[in-house]
Amino acid sequence: MAKTLYATLRALPGKSEMLRDLLSKLAGDVRAEPGCERFMVYTLASDPEQFHVEETYRDDAAFAAHMATEHGKVFNRAITPLVEGGGSQVVFLEAVT
């Protein structure tokens, strides 16, 4: 069964462009992972400092492999001084239909 989640991040003042660049780089790396089915990065139309990332992985094993990647670890360290709370807020989803 697919593993789907979304993550939200709010850039600190003056840090949104740096965060956007890091998310763009991460998107390319994650999309190249064999178990990644979807990785989309958005900002709110009304608030460009608020980022949303929608992710779907083939299954729990693919998600575990994603969590173990070096590019993910590098990204998480890099965003610490750029976002409120030092990281993303993650919500796991379950399909209804």
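**Warm-up: placing a proline**

Where does Pro34 lie? Keep in mind that you're working with a predicted model.

*Solution.* Look past the end of helix α1, before strand β2 begins: Pro34 lies in the loop between α1 and β2. Next, check its surroundings. Its relative accessible area is 75%, and exposed means over 50%, so Pro34 counts as exposed. Finally, look across to His66, which is 32 residues away along the chain. The C-alpha atoms of Pro34 and His66 are separated by 9.3 Å.

**Exercise 1: the overall layout**

Work out which elements the protein has, and whether its radius of gyration fits a globular protein of that length.

*Solution.* Start by counting: there are three helices and four strands. Now put them in order from the N terminus, and you get β-α-β-β-α-α-β. The radius of gyration is 13 Å, close to the 13 Å that the globule rule gives for 97 residues, so the protein is as compact as a globular protein of that length. For the extents, the C-alpha trace spans about 40 × 30 × 20 Å along its principal axes.

Then go to contacts. Take those between residues at least 6 apart in sequence: 68% of them join residues at least 24 apart.

**Exercise 2: surface and charge**

Describe what the protein shows to the outside, and how its charges are placed.

*Solution.* The accessible surface comes to about 5900 Å², and 57% of that belongs to carbon and sulfur atoms. Buried residues make up 33% of the 97 residues. As for charges, you'll find 10 positive and 14 negative side chains. The centres of these two sets lie 3 Å apart.

**Exercise 3: reading helix α3**

Find the buried residues of α3 and explain why they line one face of the helix.

*Solution.* Helix α3 covers residues 70–79, and its buried residues are Gly72, Phe75 and Ile79. Looking down the axis of α3, you'd see these buried residues fall within an arc of 60°, so they line one face. Here's the general idea: an α-helix has 3.6 residues a turn, so residues three or four places apart point the same way. What do the buried residues of α3 pack against? They pack against β1 (3–10) and α1 (16–31). Now turn the helix around: the face away from the buried side carries the exposed residues Glu70 and Arg77.

**Exercise 4: reading helix α2**

Do the same job for helix α2, residues 60–67.

*Solution.* The buried residues here are Ala62, Phe63 and His66. Down the axis of α2 they fall within an arc of 100°, so they too line one face of the helix. Their packing partners are β1, α1, β3 (47–57) and β4 (89–93).

**Exercise 5: two strand residues**

Decide for Leu5 and for Thr43 whether each is buried, partly exposed or exposed, then list what each touches.

*Solution.* Begin with Leu5, found in strand β1. Its relative accessible area is 2%; buried means under 20%, so Leu5 is buried. Leaving out residues up to four places away in sequence, Leu5 touches Val53, Glu54, Glu55, Tyr57, Phe63, Val90, Val91, Phe92 and Leu93. Ser24 is 19 residues from Leu5 in sequence, and their C-alpha atoms are 18 Å apart in space.

Now move to Thr43 in strand β2 (residues 36–44). Thr43 has a relative accessible area of 30%, so it is partly exposed. With residues up to four places away in sequence left out again, Thr43 touches Arg20, Pro48, Gln50 and Phe51. Measure along the chain to Val53 and you get 10 residues, while the C-alpha to C-alpha distance from Thr43 to Val53 is 8.7 Å.

Terms used:
Residues numbered from 1 in each chain as written. Predicted model: local features only at pLDDT ≥ 70, side-chain atom pairs only at ≥ 80, totals over all residues. Heavy atoms only, no water. Helix = DSSP H or I, 4+ residues; strand = E, 2+ residues; numbered from the N terminus. Rg over C-alpha atoms; globule rule 2.2 N^0.38 Å. Buried < 20%, exposed > 50% of the residue type's maximum accessible area, 1.4 Å probe, protein only. Contact = heavy atoms within 4.5 Å. Areas by Shrake-Rupley, 256 points an atom, 1.4 Å probe, with all protein chains shown as cover. Lys, Arg positive; Asp, Glu negative; His and termini not counted. Charge placed at Lys NZ, Arg CZ, Asp CG, Glu CD. Arc of directions from axis to C-beta.
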